[in-house]
Structure formats: C-alpha cells, structure tokens
Amino acid sequence: MKEKLYTIPLMDAFKAEDECPFCFVERQLEQHAMDFVLGAGASYMEDDVRAETDKMGFCRTHYKKMYDYGNRLGAGLILKTHFQYKTKELHEQIRIFAPSRASVFSRFKKRNTDTDAPKTSLGTWVKEQEDTCYICNFYKDTYTRYLNTFFELFKKNQEFLPLFETCKGFCIPHFGDLVETAESALSDKEKKAFYAILFPMMEQNMQRLSDDLDWFCDKFDYRNKDADWRTSKDALPRGMQKAAGGYPADEPYTMDK
C-alpha cells in the first residue's frame with residue numbers, strides 16, 4: 001500500500017468529519033490540479049503540458065474556476081494556443097462535412113430517439129470537446145486510486161475501521177462509486193461486512209440531513225423566529241453536498257490562497 005501518497009490524506013479526510021470524506025479528497029485534488037495548471041510553477045509554459053491542454057481544453061465548470069483563480073495571463077496563454085489548435089480542427093471538420101440527405105420518411109419519424117446522440121460528424125466532434133477536460137482528467141485517475149486505497153484500508157487497517165464506522169456517510173455520487181468499486185475490490189464475505197456498515201450509515205445520515213432541512217425551513221415560520229437553529233443553520237449547503245457532491249458554499253479558489 002502506498003502509505004505516504006494515499007493512506008494519510010484519506011485518513012485525514014475521514015478525521016475531518018465532513019458530510020462526505022471523498023468530497024473532501026476531491027476538493028483537495030481539484031485545487032492541486034488548479035495550482036499545477038495555473039500556479040506559481042508555471043506548468044502551462046512546459047511544452048508537454050501545453051500540448052495536452054491545447055488538445056483537451058477544459059469543461060465549462062473549470063473554465064469558470066480558471067477565470068476565478070486569478071492568473072489571467074496564464075489562462076490567456078493556455079486559451080490562445082488551444083484556440084489555434086481547435087481552429088485547425090474545426091477547419092478540417094468543416095472541410096469533410098457532408099449533411100445527410102433528408103427523406104420524406106425521416107420527417108414523419110417519431111421523436112422518441114436519443115436526442116443527445118450526434119447525427120453528424122460535426123456533432124460528434126463537438127460532443128468530444130464537451131467530454132474532455134484537462135483538469136478533470138488530471139485528478140480523476142488519482143481519485144480512482146483513493147477509492148482502491150479505501151478498500152485496502154477497510155480490509156487491513158484496524159485504525160481506519162472506526163473512522164469509517166463513525167463518519168457522516170457520503171454524498172450520493174460518491175456512495176455510488178463506493179458500491180460500484182466494492183463489487184470488484186471485495187470478496188463476498190467482505191461485501192457482506194462492508195454493506196452492513198455502509199447502508200445503515202447512509203440511511204441514518206440521509207435522515208439526519210432530512211431532519212435538519214425540515215427544521216431549517218420551519219425556522220422561517222414567524223412562530224419559530226426565536227427558536228434555536230439546533231444543527232440546521234448550514235443545512236442548505238450540507239444538504240446540497242449530500243445530494244450531489246461538492247461544496248456549494250465555498251468561495252472561489254484563487255492563486256492567493
């Protein structure tokens with residue numbers, strides 16, 4: 001097991017008492033990726049990194065985060081050569097494009113087909129642009145290793161087991177990742193023990209959030225204006241995190257942090 005690389009940060013994430021330890025890990029990985037791409041080390045000036053960012057570009061979410069990060073010149077240089085690369089690709093796609101011939105039958109086809117499936121070569125090319133992001137890919141493989149490390153700790157580390165058993169559960173997306181990974185990472189006996197912990201934990205913590213959200217909404221009733229918030233004051237961002245992952249209340253991550 002890679003002790004220094006993966007087990008210590010994962011143990012720290014479980015000790016943080018977050019709504020989802022894997023959201024905690026994912027945020028750290030994403031911030032590290034942002035620092036690598038646009039931080040003081042100027043990796044965007046290295047030819048091999050620039051070749052990758054030219055080819056892959058970034059998703060909508062990470063373009064926004066790159067803008068917020070604050071290194072406008074670095075972002076501009078990355079975008080400049082990415083546009084040069086994609087302009088050449090666009091020119092070639094337009095050159096080879098051939099629209100399909102419409103038929104009488106096609107006009108009367110039921111509109112119950114997959115509307116997301118590209119119907120042209122240009123549509124396929126555009127879809128490929130939407131599905132690639134240098135920053136997403138930068139930390140995706142590392143996140144997968146953390147998932148595998150989680151199960152190694154679950155099977156072999158006695159210090160980790162109580163941290164897992166007493167955590168606040170996981171957001172629904174990361175809960176799904178754990179279940180999917182468990183299918184190949186654990187034996188049948190280990191799965192039984194794992195799910196016996198995971199499933200009650202998730203139900204209890206989803207109910208805890210549900211109760212917090214109930215009281216959060218009830219607090220807006222004038223009859224409860226002087227009542228204590230209990231544990232519900234930050235229920236809205238915690239509930240959003242539990243439902244979909246991430247940290248909706250986070251301030252933008254910038255190069256000054």
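A residue counts as exposed when its relative accessible area is over 50%, as buried when that area is under 20%, and as partly exposed in between. Keep those cut-offs handy, and remember that what you're looking at is a predicted model.

**Two exposed loop residues**

Let's start with Glu17. Is Glu17 buried or exposed? Its relative accessible area is 59%, so Glu17 is exposed. You'll find Glu17 in the loop between helix H1 (3–15) and H2. Its backbone has a quirk too: phi of Glu17 is near 55 degrees, a positive value in a residue that isn't glycine.

Arg230 has a similar story to tell. This residue sits in the loop between H11 and helix H12 (235–244). Arg230 isn't a glycine, yet its phi is positive, at about 55 degrees. With a relative accessible area of 57%, Arg230 is exposed.

**The whole protein**

Now zoom out. How many helices and strands does the protein have? The count is 12 helices and zero strands. Reading along the sequence, you get α-α-α-α-α-α-α-α-α-α-α-α. The radius of gyration is 23 Å, while the globule rule gives 18 Å for 257 residues, so the protein is more spread out than a compact globule. If you drew a box around the C-alpha atoms along the principal axes, it would be roughly 65 × 55 × 50 Å.

How much of the chain is tucked away? Of the 257 residues, 36% are buried. On the outside, the protein exposes about 16,400 Å², and carbon and sulfur atoms supply 55% of that. As for charge, there are 38 positive and 42 negative side chains, and the centres of these two sets lie 6 Å apart.

Sequence distance matters here as well. Take the contacts with a separation of 6 or more: residues 24 or more positions apart account for 74% of them.

**The nonpolar core**

In soluble globular proteins, nonpolar side chains tend to be buried together. In this model, the largest nonpolar core has 53 residues. Those with the most contacts inside this core are Phe14, Phe22, Ile135, Phe150, Phe164, Phe170 and Phe194. Which helix gives the most to this core? That would be helix H8 (residues 134–156), with 10 residues.

**Helix H3 and its surroundings**

Helix H3 covers residues 47–56, and its buried residues are Val49, Arg50, Thr53, Asp54 and Met56. An α-helix has 3.6 residues a turn, so residues three or four places apart point the same way. What do the buried residues of H3 pack against? They pack against helix H2 (21–38), helix H5 (72–96) and H8. Just after H3 comes Gly57, which takes a positive phi of about 65 degrees.

**Three buried residues up close**

Here are three buried residues, each with its relative accessibility.

| Residue | Relative accessibility |
|---|---|
| Met201 | 4% |
| Thr181 | 14% |
| Val25 | 2% |

Met201 belongs to helix H11 (residues 188–218). Setting aside residues up to four places away in sequence, Met201 touches Phe164, Glu165, Cys167, Gly169 and Phe170. Two of these names, Phe164 and Phe170, are also on the list of residues with the most contacts inside the core. By contrast, Gly70 is 131 residues away from Met201 along the chain, and their C-alpha atoms are separated by 40 Å.

Thr181 has its place in helix H10 (residues 172–185). Apart from its neighbours within four places in sequence, Thr181 is in contact with Leu147, Asn148 and Phe151. Thr181 and Phe151 are 30 residues apart in sequence, and their C-alpha atoms are 8.6 Å apart in space.

Val25 is part of helix H2. Leaving out its neighbours within four places, which residues is Val25 in contact with? They are Pro9, Leu10, Ala13 and Tyr146. Ala98, on the other hand, is 73 residues from Val25 in sequence and 46 Å away in space, C-alpha to C-alpha.

**An in-between case**

Finally, meet Lys127 in helix H7 (residues 121–130). Its relative accessibility is 30%, so Lys127 counts as partly exposed. Lys127 and Ala117 are 10 residues apart in sequence, with 9.0 Å between their C-alpha atoms.

Technical notes. Residues are numbered from 1 along each chain as its sequence is written. This is a predicted model: local features need pLDDT of at least 70, side-chain atom pairs count only at pLDDT 80 or more; totals for chains, interfaces and linings use all residues. Side-chain values use heavy atoms; hydrogens and water are left out. Helices (H or I, at least four residues) and strands (E, at least two) are DSSP runs, numbered from the N terminus. The radius of gyration is taken over C-alpha atoms; the globule rule is 2.2 Å times the number of residues to the power 0.38. Buried means under 20% relative accessible area, exposed over 50%, partly exposed in between (1.4 Å probe, protein chains only). Contact means heavy atoms within 4.5 Å. Accessible areas come from the Shrake-Rupley method with a 1.4 Å probe; for residues, only the protein chains shown count as cover. Lys and Arg count as positive and Asp and Glu as negative; His and the chain ends are not counted. The place of a charge is taken as NZ of Lys, CZ of Arg, CG of Asp or CD of Glu. A nonpolar core is a set of buried Ala, Val, Leu, Ile, Met, Phe, Trp, Tyr and Cys residues joined through side-chain atoms within 4.5 Å.
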